[in-house]
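Hello,

Here is the structure I promised to pass on to you. Have a look at it first, and then read on for what turned up.

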Amino acid sequence: MKVRVERLTKHFGRTRAVDGISFGFESGQIVGFVGPNGAGKTTTLRILATLEEPTAGDAFVDGRSVTQYPEEIRREIGFVPDEMPIYADTTVVEYLDFFARAFGLSGRRRTAAIENVVEFTNLGDLRDKTLNALSRGMRQRVSLARALVHDPSLLLLDEPASGLDPRARIELRELLRQLAERGRTIFISSHILTELTEMCASVVIIEKGRLVESGKVHEVARRSAGGRSFAVRPVERLDDLVRFLLEWPTARNARAAGREARVELEGDDRDAAALLAELIRRGFSIAEFRPLQAGLEDVFLSVTKGDVQ
Amino acid sequence: MIATLGRRIAAAARAPNPVMLKELRQFVRSRALIGLLLLLLLALVSAIGFYALAEGVNQALGGGPKGDGANLFAILLGILFYGCLLVVPIWCAARFAAERSPTGLDLLHTTALTPGAIVRGKLYAGAVYALFIYGVAAPFLALTYLLRGIDLPTILFYTLASYFVVVLATQGAIFFGALPMSKVFRILVGVIIGLQTLFALPGILIGVLTEGDLGAADAKTWRGLLVALPFGLAAMALLQAAAAALIMPPAANRARPVRTTLAVIWALSGAAALLRGAIASDSDSLAAWLIFSAVAVIGMLLLAVGERTTPGPRIRESLPRHRLRRLLALPFTSGEIGGLLWALAVAALTPIVGLAGTAIVSNGPPRLDQQYLEFLGTLGIMALYVVGYALTVSFIHSRFSKFRWPRRLNGLLAVGLITIVGAVLSILGAVREDATGVPMAQPMNIFVSGQTRFRTQYFAVAGIFAALAVALNLPRLVRQWKAYRSDAPADSASVAPPAPPPLPPARNSGGAPG
């Protein structure tokens, strides 16, 4: 399963919701889709889900255009919109049965598909409860089960964790990880960046409809920071250490953070090792010298300007 | 053909419409609907009780003949019919309107269900629900046979006819539920239409079917049914196509179901009108068909100017690649030029088919008399005015971008313009006539197109107005045509162009086990 978005553009009147973005990803990944409100995330997801038609450009799922072959693409994707399911007076199993039938599953195949997703999403105890009797977290699980009932290769999730309590978020995260392990491709938009940091290997960041960054999270972080960040914890003389780091030629943005110093270093591991050796030679007692993994929040704040359309 | 039909029925039995199943499951769970059903049963039992009591009193007082089954049947059928007409369409429309949220439709549009299947599912559910209610009431209706005065075929006939009206009303309500408008406006319009339907339909039904005689289904009744049934079926087909078009995604060819259905209805009704004209040797049915055709053309013109100017990629992909087939597909393709061409084709074919058909069936020259020719002229003037007004609005919309309103409102604005111009000229005409005693010609006023006194002038003005509007829009329409003609779908559509390098495969998905 390969997903490719090519110069995708969508106008709503004079508003350019999406402005020529291109990116791609492959199967077995959880890819985060990040951007401020109004950045064009939902529009992009809706185009991928065949619900909207791009003004220009196209998106391809396994080489097939979503605009030209929407019927075929729909069998390959499971879409979880940002709103909860309706049909409040149907039971969980009836709801899943409806969508299984809507995807053309029949007979034993349908029964097996429903049982599989009920088991996977751990909805067994709730199968005969009506949707209006479920909590938001439970309904989100039902929504995920619905999106999986026809066994799609690509899952598109639009803000799935919004409004969920911490337990429900953790459960959702675990389900998505398991799906990725089973080879599903998951493209997830979310505002909860800490969640995405823990889940996603790759990230696509857009702002005002334009692509700002895309790639593996740590690579994007390195690019956006201009180098790798390190934390240096001395046993004593923190102020002297910060002053030294400020004068070090390949170091930038050296600052004290609690009991340690943070610094961005240009170059590779040799440069980092050279700095450490010099610190020791100068008599600093270094208790810890470690690279910092930049979170999506840091990346997001550094690459976006907070503009909305 | 029978084998194909059999296979289709078998397939439908194996895989019933999912929307219908869902609706029926929800119905079974609905306490309100079960309560209403019990209420209906109570009303039927009470009606029988009261009727028996009244008859008993009547007999005791030495009144008329013994109880008449036809009277009781009329009462029971009335209760059943009105009860169903109140409950089933409103239930279906309310549910559809509630589910017509963006999320609800989005989820359905990401499945393999077509918009037509969604609308059909809703209709089937309403029909099954109504059938359930009728089934519950059937023993009561059959009981009236034992009281004499009515035979079983008549009971069956009227029960089925009223059931058909309930199903038709349900389809109308589903169309209404599919309209994209606010809840308040929907309720307001729904109440007005609902009340009108509620009071008008039974009268029309009984009038058409019995011509006032409810006792035994005779030849007149069957003739009435023969007239009413095709109208009902045509209305149902059109409402279903329109409802499906309303819930289609914006990228789809929304015009196709409506224009195709309307074209089929237009052709079949034209053939039926000619046939009836030949048999009955009069032009009444042909005149009715001309009115229907004029309404269809005017409606399509107003809708067309609100449509998109270029087909999107999804529509382009669905178009035939063969040049001639592509041209023939244009009137059935979403877009301004397609809608205008559809209207133009029907407007041109209607009088030709009408005149030629009349000549054929009468074995001689066309038999349209002066009255019908004048009538045809009035419809022509009206259509020309609509062309002028609709294209003027479309021209202003395309030319003056500062005053740009949503394109879909063009038809509505054209109606507004027609109404305003008509109202102003009518008032001026009335004032002038009061003052001078001489009627004033009101060119550009569509509502006086039938005035024979100024017919030539009106025809000339409407013709010039329409021609000017077409001339103003011609460059734009030619551009649309060229864009449509040249939009050949890519042969290598399934092969994506060279792409940017994909994101590298995941080595570490955030500490996922295994």
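Below are some notes on the salt bridges. Please keep in mind that this is a predicted model.

A search of the whole structure, taking in all chains, gives 30 salt bridges. As general background, side chains of opposite charge can pair when their charged atoms come close.

A good place to start is the pair formed by B:Arg308 and A:Glu53, whose closest N and O atoms are 3.4 Å apart. B:Arg308 sits in the loop between helix H11 (284–304) and helix H12 (313–318) of chain B, while A:Glu53 belongs to the loop between helix H1 (41–48) and strand E4 (56–61) of chain A, so this salt bridge joins two chains. The partners also differ in how they are classed: A:Glu53 is buried, at 7% relative accessible area, whereas B:Arg308 is partly exposed, at 26%.

Two other pairs lie within chain A. In one of them, A:Arg237 bridges to A:Asp240, with 3.2 Å between the closest N and O atoms. A:Arg237 is partly exposed, with a relative accessible area of 38%, and A:Asp240 is partly exposed too, at 30%.

The other pair is A:Arg290 with A:Glu288, at 3.3 Å from N to O. Here A:Arg290 has a relative accessible area of 27% and is partly exposed; A:Glu288, at 28%, is also partly exposed.

Finally, do look at the network that salt bridges with shared partners make out of A:Asp89, B:Lys22, B:Glu23, B:Arg95 and B:Lys122.

Enjoy exploring!

Best wishes

Definitions and conventions: Residues are numbered from 1 along each chain as its sequence is written. Chains are lettered from A and ligands numbered from 1 in the order in which they are written. This is a predicted model: local features need pLDDT of at least 70, side-chain atom pairs count only at pLDDT 80 or more; totals for chains, interfaces and linings use all residues. Side-chain values use heavy atoms; hydrogens and water are left out. A salt bridge is a side-chain nitrogen of Lys or Arg within 4 Å of a carboxyl oxygen of Asp or Glu. Helices (H or I, at least four residues) and strands (E, at least two) are DSSP runs, numbered from the N terminus. Buried means under 20% relative accessible area, exposed over 50%, partly exposed in between (1.4 Å probe, protein chains only).
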